[in-house]
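Please open the structure in a viewer and keep the selection tool at hand. The stops below may be followed in order.

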Amino acid sequence: MDVTDRDKGTYTCVMNTTLDHDSASAVLTVVEATPTPAIVYERPDPPTDLEMTDQTERGVRLTWIPGDEHNSPTQKFLIQYEDLLHQPGVWTNLTEVDWHLHHAPDENPADVKGTGTGPGSLVISWTPLTGFQSNGPGLEYRVQWRQLNAGGDWSTKNVANVSQFVVSGTPTYVSYEIRVQAINDYGSGPEPETVIGYSGEDLPLSAPEGVQVKVPNSTFAEVHWEPVPRSSVRGKLQGYKVRFDSSFSRMLESPLCVQPRVASFRFTTAASAASTKPEPEEEPQEQVLTFSGNRSEGRLPGLQPYSVYNLSIRVFNNKGEGPPSQSSRFETPEGVPGPPFLNTINRSLDSLTLEWGPPLQRNGRLLGYTLKYQPVNSTHELEPPKIRTFLANETTFTLHNLNSSTLYKFYLSAKTIKGSGPFTTEEAFTVMETIQTQPPVVTGKGPTEPLLPTSPITQSPPPLSHKAPPVGPAFGTVNTSVSEEGAVISWDYFGHHKNVYVEYIVENSKEDWKKELVNGSHWHMIKGLKPGTSYKVRVVARDPNDPTVHSTDEVLVAVPAVPSRQVDIATQGWFIGLMCAIALLILVLLIVCFIKRNKGGKYPGEAQVTATASQWVGGV
């Protein structure tokens with residue numbers, strides 16, 4: 001307020017109402033104003049942190065930090081140099097650099113892209129500039145776009161404090177030219193580069209046509225189709241997806257229908273199969289193969305032989321899949337079958353009965369089965385196999401004239417028109433002959449009590465290897481038998497544990513259980529048992545990942561005592577040989593003595609005659 005010395009005095013303010021009035025006074029004194037101090041302008045401080053970078057043969061880049069201006073805006077920077085080679089100590093002016101604290105941006109945003117998140121939109125995005133890169137206040141971005149090759153004007157929009165801009169109402173998957181330029185209150189940045197982007201995609205409209213399938217073998221097929229028009233893709237073409245599944249297996253049309261059941265097999269003969277309907281199968285699982293790019297053919301490996309397949313093809317982009325092609329049906333020819341089921345059911349001293357069923361994957365019409373079998377001797381060597389063939393409706397066979405207490409190995413394979421499949425193997429023992437332990441007899445005391453019971457011991461074969469697991473315990477029946485080589489333990493096992501052991505201990509002993517690993521087997525022979533001793537035996541399944549331990553009941557195995565036998569040493573070969581050697585040695589000694597005796601009788605006579613003659617001459 002402009003106040004002078006005449007304005008000083010007392011000022012009173014009076015307020016009146018209908019009821020009363022009041023007033024207040026104040027004294028105004030005018031004093032001399034305090035003078036504003038003068039602004040001091042001084043020289044700027046020298047720049048700091050001078051650095052040289054990007055050095056070339058005839059140039060270098062200089063950077064520095066300006067010093068304090070001291071209330072005097074910097075106008076220019078003077079760059080000087082010293083020629084150390086020719087004029088050391090002399091600084092020469094090189095150039096002057098104009099200095100403005102604020103100016104237009106030196107660069108534009110990076111990583112400019114144009115993509116579509118959905119139909120009818122174009123999202124333009126970029127990496128914003130930093131505050132230092134803006135070079136001044138009022139930083140904004142000038143976003144420009146137009147359809148590629150459309151010849152129209154650029155659409156422009158200025159935005160601030162954002163890193164993307166959405167253009168709405170665009171056609172589906174159309175290419176656009178895009179530019180983003182930085183601007184501030186002092187001007188625009190350099191001319192921006194133009195990038196190509198695309199508006200949002202939508203699902204494809206067309207389905208592939210002209211689908212054809214070629215089946216060169218039973219597990220492989222080739223599929224061909226006509227690519228869809230590019231305009232109907234409505235997005236970036238990613239490729240084609242071939243979906244196929246087996247509607248049913250042609251083996252159900254076979255005149256022989258066999259349905260397995262748990263832990264055994266049910267067989268239907270050809271005569272009764274006509275009235276038997278197959279049980280409903282599980283719905284087939286659809287398989288999908290993806291072929292990237294603009295393809296017109298593909299290969300389908302791993303097919304099931306002798307099956308019927310349905311196939312369809314779809315094109316897809318980043319948004320999703322288009323409609324399916326017309327379903328195509330094709331059939332695979334027959335192949336070799338899988339391994340059949342095999343079981344031994346009846347065993348005796350000299351015979352074994354086998355029962356089998358068709359494989360789960362027959363892969364064609366079964367023509368029959370091939371059975372090979374061979375005995376295994378005590379050294380676990382295989383003897384030459386014998387071969388028999390059977391028709392498709394034959395499911396049992398009994399082998400006669402076998403050796404008792406002998407292990408036999410069986411190989412069974414199924415056969416189609418394409419040949420025989422892999423073998424199923426099974427091992428089984430014939431029943432061992434009854435072993436009776438005779439108690440020793442002591443003269444005058446009668447028969448002594450046997451150390452162990454004399455009940456007959458019968459060899460039980462190992463269980464079949466193809467049994468469906470029942471619901472319940474992991475182990476089934478345990479069978480034991482004793483032979484001259486050891487105790488044979490066999491069992492039924494339906495678990496999944498990795499480690500299975502046979503454990504045994506002397507009855508009434510406090511020692512630790514001995515265990516032997518028997519993974520993958522259903523029988524085991526314990527060797528080295530002491531005759532006349534009873535053992536407790538059990539089969540145990542353990543798994544490092546399962547704390548539960550499954551075990552069979554303990555069974556008692558009695559090893560018979562071996563009766564002592566009186567051995568006639570005179571009939572032993574080693575004793576006869578020793579006696580012959582001694583007799584031969586005596587004979588040689590007698591011959592040597594006889595020879596020496598004959599030679600020694602001549603010389604003593606001559607010595608005696610010589611001595612006698614000498615004595616006679618001396619006497620004369």
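Begin with the loop between β10 (155–159) and β11 (164–168), where N161 is located. The model is a predicted one. Select N161: this residue is not a glycine, yet its phi is positive, at about 60°. Most residues other than glycine have a negative phi. With a relative accessibility of 77%, N161 counts as exposed.

Move next to the loop between β11 and β12 (175–184) and select Y173. Here too a residue other than glycine has a positive phi, near 45°. Is Y173 buried, exposed or partly exposed? Its relative accessible area is 24%, and Y173 is therefore partly exposed, given that buried means under 20% and exposed over 50%.

Now select β34, β35 and β38, which form an open sheet of three strands in the order β34-β35-β38, paired antiparallel. β34 (475–482) and β38 (523–526) are the edge strands; each has a single partner strand, so one side of each lacks a neighbour in the sheet. From one strand to the next, the twist averages 20°.

Within this sheet, display β35 (residues 487–493) together with β38: the two run antiparallel and are joined by four bridges. For one bridge partner, select A487 and then I526 in β38.

Finally, return to the whole chain. Its secondary structure comprises four helices and 41 strands. Of its 620 residues, 32% are buried. Among contacts with a separation of 6 or more, 62% involve residues 24 or more positions apart. A surface view shows the exposed area of about 40100 Å², of which carbon and sulfur atoms supply 52%.

Note on methods. Residues are numbered from 1 along each chain as its sequence is written. This is a predicted model: local features need pLDDT of at least 70, side-chain atom pairs count only at pLDDT 80 or more; totals for chains, interfaces and linings use all residues. Side-chain values use heavy atoms; hydrogens and water are left out. Two strands pair if DSSP finds at least two bridges between them. Axes are lines fitted to C-alpha atoms, for helices over the stretch in contact, and angles run from 0 to 180 degrees between N-to-C directions. Buried means under 20% relative accessible area, exposed over 50%, partly exposed in between (1.4 Å probe, protein chains only). Contact means heavy atoms within 4.5 Å. Accessible areas come from the Shrake-Rupley method with a 1.4 Å probe; for residues, only the protein chains shown count as cover.
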